[in-house]
Amino acid sequence: MKYESQSIAKMYFIAAIGLFIGQILFGAIMGMQYVSGDFLFPEIPFNVARMVHTNLLIVWLLFGFMGSAYYLVPEESGRELYAPWLAKLMFWIFLAAGVLTILGYLLVPYATLAEITMNDLLPTMGREFLEQPTIAKIGIVIVVLAFLYNIGMTILTGRKTVITLVLLTGLVGLAVFFLFAFYVPDNLVLDKYFWWFVVHLWVEGVWELIMASLLAYVLIKVTGVDREVVEKWLYIIIAMALISGLIGTGHHFFWIGAPDYWQWLGSVFSAIEPIPFVMMTLFAFNVVKNRRREHPNKVAVLWALGTAVMALLGAGVWGFLHTLAPVNYYTHGTQLTAAHGHMAFFGAYVMVVLTMISYSMPIMRGKKAANVNAQKLETLSFWLMTISMSFITVFLTIAGFIQVYWQRYIDNPLPFMVVQDKIETVYWLREISGLVFLLGLIIYVYSFFAKGEDVVEVVKDNAVTS
Amino acid sequence: MRETFTKGMARNIYYGGGVFFLLVLIGLTADTVTRISTTDNRENITEQVSAGKRLWEINDCVGCHSLLGEGAYFAPELANVYTRFGKSTEAIKGFIKSRPKDGIPGRRSMPQFNFTEEELEALAQFLKYVDGIKTARNWPPNIQG
């Protein structure tokens, strides 16, 4: 670690992992409710568990992005962070806001939470993923602005690299598009149209910029490959992400009352959305193959490659599976969407944050890489989580096909709940996969505390250090 | 990548492509916002419908149900529930009212929200309004949602 202020990332990463555990526990609860409908009812209704599950995901990924930025920006910029005190202060504000929001979901009925937080003054609650009370949303805006100021000033007053500029563009986009969370018109078609300006333009737009820059940074560090090569890849990957993803938003406009031309535009542009992920995979494997050093942190390399592959499968392949309008006509709003959502979020965003953590955490703890045992356990957790998530995705896909067939395709379609009963076995298999994922996560957390011998570094190229 | 394709070219594709398609998206959005006046059933957005939408939101209905295919997939699609329930707001109100407080053993059940008569009417009117939105190919595909 070159700069002391980089270590601020540590608290952000610890919080991220803590909230990640909470997210998975509530995922397991929901999986149980799918097979045993009255599980924890009426104490934790499904919608409450779901808000906790999805909101924890978003909050911990934001912690992960911020931590990653605080770690890499000083090093890339060649200077200490502009205002370390501000980063620490914002950490506590964000953590408090996040925890209070989750407790609010769990401790009082949602309508009561809306009343306590005076939702009537500026109603923004009750939309998928954006369920946070208005006051919490304002808190998010303040934290993100302070974060952007801090990161922005560090970048602009230091050395500017392609990685930091792309990261900054992604983070500014994240902040700007979040503002649509405050626009909730009574007209449902308009409401839905602009809701996607947060959701789609985050996960299929600016977050891809953040993801690609984090991945590029770690790959430079662990492979020692020439920065020029990496930067060229980075530009072309994010260029394709924006070229496909911006108009690709249209694949959400097929059935919400928007004009018919979106069926063509949405289908064509979202069909090319897998391209940046294909390129990311080629890029990752290419630079690892042409590496100029053997970094002792082998598991970080594994996470980096895993991110590229799983993002390609989850976002690219599973996204394409149901993105063409004639297919989406049947699959829209079925478990197929859940299948895609799970693997895409895991592959692209969860894994890129875990890649950053895997690379930087040992350095912040004073070593270049975790010890042999810790790396073995982390590798085991990588495979357990990745494989179980793949099974979750496959089972949800099967569930989606069953749903499409009985509820949408046949001549005399069956009611929703009748079809759900036919899927019970598959939902059980999904829940079991989810529990394996939880096991993988427990091993992951344990790996940070495992003791063992230091990894012996093999020097392949003596020109590079750290 | 070969040397003929330089970093400068990649950068230009990024900036050029990004800005161009952002502008296209803004243009298409302007067009969409004008055109949807014929499909979005805005003439039926009464005060009651607005109140119903607010109730839909502050009870997080979308955390279990989907509406025009978006939301959760734990409970039935509601964009066409008005048609499915025989075009009867009374049937919708009756269903919401009848949910047992402690659920149904072993089954999924909608919580009992203890809505007032006025709130029930607003929710039912909101769902009736949503049913009237003209979607492409008349989505959902059939009455079961």
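In this predicted model, L215(A) has a relative accessibility of 1% and therefore counts as buried, since that value falls under the 20% limit. The residue L215(A) has its place in helix 7 of chain A, and its C-alpha atom is separated by 15 Å from that of T169(A), which is 46 residues away along the chain.

The chain to which L215(A) belongs was then considered as a whole. Chain A contains 16 helices and zero strands, and 66% of its 466 residues count as buried. Along the principal axes, the C-alpha trace of chain A spans about 70 × 45 × 45 Å. The radius of gyration of chain A is 22 Å, and because a compact globule with 466 residues would have a value near 23 Å, the two agree.

Helix 7 of chain A also takes part in a contact between charged side chains. E75(A) and K221(A) meet in a salt bridge with a distance of 2.5 Å from N to O. This pair links distant parts of the chain, as E75(A) lies in helix 2 (residues 46-77) and K221(A) in helix 7 (residues 188-223), with their positions 146 residues apart in the numbering. Both partners, E75(A) and K221(A), are buried.

On the surface of chain A, a nonpolar patch is formed by V99(A), L100(A), L103(A) and L107(A), which together have about 400 Å² of accessible area. One member of this patch, L103(A), is found in helix 3 (residues 84-107) of chain A. The relative accessible area of L103(A) is 39%, a value between the limits of 20% and 50%, and this residue is therefore classed as partly exposed.

Chain B is divided into two domains, of which domain 1 covers residues 1-38 and domain 2 covers residues 42-138. The centres of these two domains of chain B, taken over C-alpha atoms, are separated by 39 Å.

The residues D40(B), N41(B) and R42(B) were examined next. D40(B) forms a salt bridge with R42(B), in which the closest N and O atoms are 2.8 Å apart. Of these two partners, D40(B) is buried, with a relative accessible area of 0%, whereas R42(B) is partly exposed, with a relative accessible area of 36%. N41(B) is found in the loop between helix 1 (7-35) and helix 2 (47-58) of chain B, and at 7% relative accessibility this residue counts as buried.

The backbone of N41(B) also deserves a description, for which some background is useful. Most residues other than glycine have a negative phi, and most peptide bonds are trans. N41(B) has a positive phi of about 60° although it is not a glycine. A positive phi, near 55°, is likewise found in L68(B), which is a residue other than glycine. L68(B) lies in the loop between strand 1 (66-67) and strand 2 (70-71) of chain B, and with a relative accessible area of 1% L68(B) is buried.

Cis peptide bonds are present in both chains. In chain A, a cis peptide bond with omega of about 0° joins F41(A) and P42(A), and P42(A) is found in the loop between helix 1 (9-35) and helix 2. In chain B, the peptide bond from W139(B) to P140(B) is cis, with omega near 5°, and P140(B) lies in the segment after helix 5 (117-131).

Over all chains, the structure holds 22 salt bridges. Among them is the pair E90(B) and K93(B), whose closest N and O atoms are 3.3 Å apart. Because E90(B) and K93(B) are three residues apart in helix 4 (residues 89-97) of chain B, about one helical turn separates them. K93(B) is buried, with a relative accessible area of 5%. Salt bridges that share partners also join R127(A), D186(A), D191(A), K53(B), R54(B) and E57(B) into one network, and this network includes residues of chain A and chain B.

The count of disulfides over all chains comes to zero. C61(B) is in no disulfide, because the nearest cysteine sulfur, that of C64(B), is 8.7 Å away and a disulfide requires the sulfur atoms to lie within 2.5 Å. C64(B) is likewise in no disulfide, its nearest cysteine sulfur being that of C61(B). C61(B) counts as buried at 14% relative accessibility, and C64(B) is buried with a relative accessible area of 14%.

Notes. Residues are numbered from 1 along each chain as its sequence is written. Chains are lettered from A and ligands numbered from 1 in the order in which they are written. This is a predicted model: local features need pLDDT of at least 70, side-chain atom pairs count only at pLDDT 80 or more; totals for chains, interfaces and linings use all residues. Side-chain values use heavy atoms; hydrogens and water are left out. Domain bounds come from an automatic or database domain assignment. Buried means under 20% relative accessible area, exposed over 50%, partly exposed in between (1.4 Å probe, protein chains only). Patches are made of residues with over 30% relative accessible area and no salt bridge: like charges are joined within 9 Å, nonpolar side chains (Val, Leu, Ile, Met, Phe, Trp, Tyr) within 5 Å. Accessible areas come from the Shrake-Rupley method with a 1.4 Å probe; for residues, only the protein chains shown count as cover. A salt bridge is a side-chain nitrogen of Lys or Arg within 4 Å of a carboxyl oxygen of Asp or Glu. Helices (H or I, at least four residues) and strands (E, at least two) are DSSP runs, numbered from the N terminus. The radius of gyration is taken over C-alpha atoms; the globule rule is 2.2 Å times the number of residues to the power 0.38.
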